[in-house]
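User: I'd like to go through this model together, one question at a time. Could you take a look with me?

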Amino acid sequence: TVVDSTDTRYHRVFDTAVAAVIAAVEDCVSIADVLVPVIVGNHDEFVSPLIAKVVKQYFRNDPRVVVDDSEISRKYLQWGTNLICMTHRFSKIDSAPNIMATEAPHAWAVTTTREIHTGHLHTRKAISYRPYYESHGVVVRVLSSISAVDKWHYDNGFIGNARAAESFLYSEETGYIGSHLARVRQ
């Protein structure tokens, strides 16, 4: 999907995106081993996998970095008591906990903190003034987006959301500890 506010010189956009991902991974790997789960969205079905291939090759000799560029739309991470599903979207969010239990039954059985992180809506989802939705003991977090309002979003009235990225902190033994919201400077 062409986004009106993006530089249309695709090679420049691609170079900038690759450089940004590599820089982020380098920052993270200075602290701990890094897993890069590539989750393809509906606006980048072609470009994200290509960026992933370049990043994977860049770090091919660094055992601290793993790029998961498999072509599945939902990826699961089990760490201690935590099971986290990362995906761009669930078409029927109410079925998400059952899908998680079905797709990752062994991890489901040995974890107590289960979360699904999704985007697509480009906004934090709040139900009953809580920034998550909980169903059957599974917290579903609809995450913010850093994307700016382009012509399409403006024309459709999708304006005013805080541009931000979120990070989450988990304990291997006790699960979710907290989160941090980093807003984009205007």
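User: Happy to start with the cysteines. Is C85 buried or exposed?

Analyst: Keep in mind that this is a predicted model. Buried means under 20% relative accessible area. C85 has a relative accessible area of 0%, whereas C28 is partly exposed at 42%. So C85 falls below that cut-off and is buried.

User: Thanks! Which residues of strand β1 point to the buried face?

Analyst: In a regular strand the side chains alternate between the two faces of the sheet. Strand β1 (residues 34-37) shows this alternation, with L35 and P37 pointing to a face where they are not buried. On the other face, the buried residues are V34 and V36.

User: And what is the bridge partner of L35 in β2?

Analyst: Strands β1 and β2 (residues 65-68) run parallel and are joined by four bridges. Within β2, L35 has as its bridge partner V66.

User: Nice. How are the buried residues of helix α3 arranged?

Analyst: Helix α3 spans residues 96-103, and A96, P97 and M100 are buried there. Viewed down the helix axis, the buried residues lie within an arc of 100 degrees, so they line one face of the helix.

User: One last thing: what kind of aromatic pair do Y58 and F59 form?

Analyst: The whole structure contains two aromatic pairs. For Y58 and F59, the ring centres are 4.9 Å apart and the planes meet at 75 degrees. Planes over 60 degrees apart count as edge-to-face, so the Y58 and F59 pair is edge-to-face.

How values were computed: Residues numbered from 1 in each chain as written. Predicted model: local features only at pLDDT ≥ 70, side-chain atom pairs only at ≥ 80, totals over all residues. Heavy atoms only, no water. Buried < 20%, exposed > 50% of the residue type's maximum accessible area, 1.4 Å probe, protein only. Helix = DSSP H or I, 4+ residues; strand = E, 2+ residues; numbered from the N terminus. Arc of directions from axis to C-beta. Pairing = 2+ DSSP bridges. Phe/Tyr/Trp six-rings, centres within 6.5 Å; stacked < 30°, edge-to-face > 60°.
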